[in-house]
Structures are given as structure tokens and as C-alpha cells.
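Biologist: I would like to go through this structure feature by feature. Please give the general idea each time, and then the case at hand.

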Amino acid sequence: MIHLTSKSIALVAIFAALYYSLSWLPGIPVVGLGNLTIEFEASFASVLGIILGPYLGSFTALVGTILAWTLPPSSGNPYGLPFIIAPVINALIVGLIYIRRWREAFVIFAVMIFAFLFTPPVSPINDFYYVAVAALFDKIIALLLIIPTAKIQEKYSSLKTLPLFFFLLAFIGNQADSTLGSLVFATPIVYRGVFVLSVDEVRFLFVVSPFFYPAIRIIQAVIATIV
């Protein structure tokens, strides 16, 4: 639960403002969707989960994301609205793992992956299993990395292992963000209603995604680790 004391309110205000300030950095265009970008500030949600915890960090990520979407340079871009809560799941997953509640993080992440299997682009799964594999393979890797990441935290506390630990946390968090984003994008109200795409076009975008997005998530994790 979130206990909003004067101190926590101040922390939310400071970090949400910092989150918004990062939105002025250029994003990475999403392949096939020129009006949508992967924003740098989204990777900062991992840092929020570590510093502020899963709940306050998630709330701060939500406030920061709303500010970044509402104010310039985004200025209410309708294409970004469906994904506004994706950074929130990043902070939540990372925060839960960091406070040693990794089992809850694992279940939340697994449910998102499972839910994706019932979306139109991968249905029926017998015919479009390759779409699911292309879209989810890196996310399943991130899910499975939750267990060794928790073990590293339990067994090692030296400075030598800290960079690896934080990198894994950030990679898992950014992939959780991506999983929720993929799940949202795979719903007809989004791909058809917002982006005016057919289900076949969405399938194509998911199939080509492994050539671009895993590398982007690794870069985001490196940046978050440095921060």
C-alpha cells in the first residue's frame, strides 16, 4: 500500500518531474509505427522501483508518464495513450523483486504473457504459434531470469555483483513494460481503433520485432544500470 506522507509526496513530485524532464530526450521510432516511439524515460521506471519501492515507485511512474504524455513534447499524442501504464508495470515488477517478493513479480509477469496468447494476432495458436514465439521469446527469457536474479540478491552482496544485479532488474522491468505494451497493442480496440491496422499487419509487426526490440531493451537496461 502507498502511505502518502509529506516526505513521500515530495519524493513523488521530485522523481515525477525528473521523469518528465527525460521525456525531452529523443525516443526510438517503433518499427512500422512511425507515429509511436519507445521513450527513454520509460527505462527510468526501473530506477523508481528500486529507489521508491514497488508501490510508490509505480505511482510515481504513473504520475511521470501522465505528465510526459500530457505536456510538450508529446502534448497528448493519442498513439501513446494506450501504453501509458506500461512503465508502471516496470516499476512494480522491479520493486517487488528488489524487496524480495519475486514470486509475486513472477506471477504478474507470467499472467501478462499468458494473456497475450489469447489475443487475435496469435489466435488460433495452432496456426499462428510463430507470431507468439517471435513476440514472446525475449519476454519469457526475462521472466525466467527473475529466479536467478533473486538468487543473486540472496547469496551475494559485494560491489562486484551489484552491476549485474541491477542490469538484470532493469532488463526484466523493461521487458515487463514491453509485455504489457504488446498485450495492449494486440487488442482490436488499439490496433484497429487507434492505429487502423489489420490483424495481418499486426502479426507482421510482431514477427519482425525480434530483429529490433531485444537489443533496445538491453540498451535501456544498461542505461538504467548506469543511473
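**Reading the features**

Modeller: Start with helix 7, residues 162–185: at 1.5 Å a residue, its 24 residues should span 34 Å, and its end C-alpha atoms are 34 Å apart, which agrees. Keep in mind that this is a predicted model.

Biologist: How many of the 24 residues of helix 7 are buried?

Modeller: A residue counts as buried when its relative accessible area is under 20%. In helix 7, 19 of the 24 residues are buried, so this helix is largely enclosed by the rest of the structure.

Biologist: Next, salt bridges. How many does a search of the whole structure find?

Modeller: Side chains of opposite charge can pair when their charged atoms come close. The search of the whole structure finds three salt bridges. One of them joins the side chains of R101 and E104, at 2.8 Å from N to O.

Biologist: How accessible are R101 and E104?

Modeller: R101 counts as partly exposed because its relative accessibility is 29%. E104 has 35% and is partly exposed as well.

Biologist: Where do R203 and D200 lie?

Modeller: Both are in helix 9, residues 199–208, and they sit three residues apart, about one turn of the helix. They form a salt bridge whose closest N and O atoms are 2.9 Å apart. R203 is buried, with a relative accessible area of 10%, whereas D200 counts as exposed at 51%. The cut-off for exposed is over 50%.

Biologist: Are K139 and D138 buried or exposed?

Modeller: K139 is buried, and so is D138. The relative accessibility of D138 is 6%, and its place is in helix 6. K139 forms a salt bridge with D138, with 3.5 Å between the closest N and O atoms. The two side chains also make a polar contact, at 3.5 Å.

Biologist: Which residues does D138 touch, not counting those up to four places away in sequence?

Modeller: D138 touches Q175 and P214 on that count.

Biologist: Now take a buried residue without a charge, S58. Which helix is S58 found in?

Modeller: S58 is found in helix 3, residues 54–70. It is buried, with a relative accessible area of 8%. A polar atom of its side chain lies 3.5 Å from the backbone oxygen of V88. Leaving aside neighbours within four places in sequence, S58 is in contact with G53, V88, A91 and L92.

Biologist: Which residues form a nonpolar patch on the surface?

Modeller: To read such a patch, look at its members and at their joint accessible area. Here I125, Y129, Y130, V133, F137 and I141 form the patch, with about 570 Å² of accessible area together. I125 is found in helix 6, residues 125–155, and is partly exposed, with a relative accessible area of 38%.

Biologist: And A132: what does A132 touch, not counting residues up to four places away in sequence?

Modeller: A132 touches F116, L117, V122, I125 and F137. Its place is in helix 6. A132 is buried, at 7% relative accessible area, while its contacts I125 and F137 belong to the nonpolar surface patch.

Biologist: How far apart are A132 and V12, in sequence and in space?

Modeller: They are 120 residues apart in sequence and 37 Å apart in space, C-alpha to C-alpha.

Definitions and conventions: Residues are numbered from 1 along each chain as its sequence is written. This is a predicted model: local features need pLDDT of at least 70, side-chain atom pairs count only at pLDDT 80 or more; totals for chains, interfaces and linings use all residues. Side-chain values use heavy atoms; hydrogens and water are left out. Helices (H or I, at least four residues) and strands (E, at least two) are DSSP runs, numbered from the N terminus. Buried means under 20% relative accessible area, exposed over 50%, partly exposed in between (1.4 Å probe, protein chains only). A polar contact is a pair of N or O atoms within 3.5 Å; within protein, one must be able to donate a hydrogen and the other to accept it, and residues adjacent in sequence count only if both atoms are side-chain atoms. Contact means heavy atoms within 4.5 Å. Patches are made of residues with over 30% relative accessible area and no salt bridge: like charges are joined within 9 Å, nonpolar side chains (Val, Leu, Ile, Met, Phe, Trp, Tyr) within 5 Å. Accessible areas come from the Shrake-Rupley method with a 1.4 Å probe; for residues, only the protein chains shown count as cover. A salt bridge is a side-chain nitrogen of Lys or Arg within 4 Å of a carboxyl oxygen of Asp or Glu. The expected span of a helix is 1.5 Å times one less than its number of residues.
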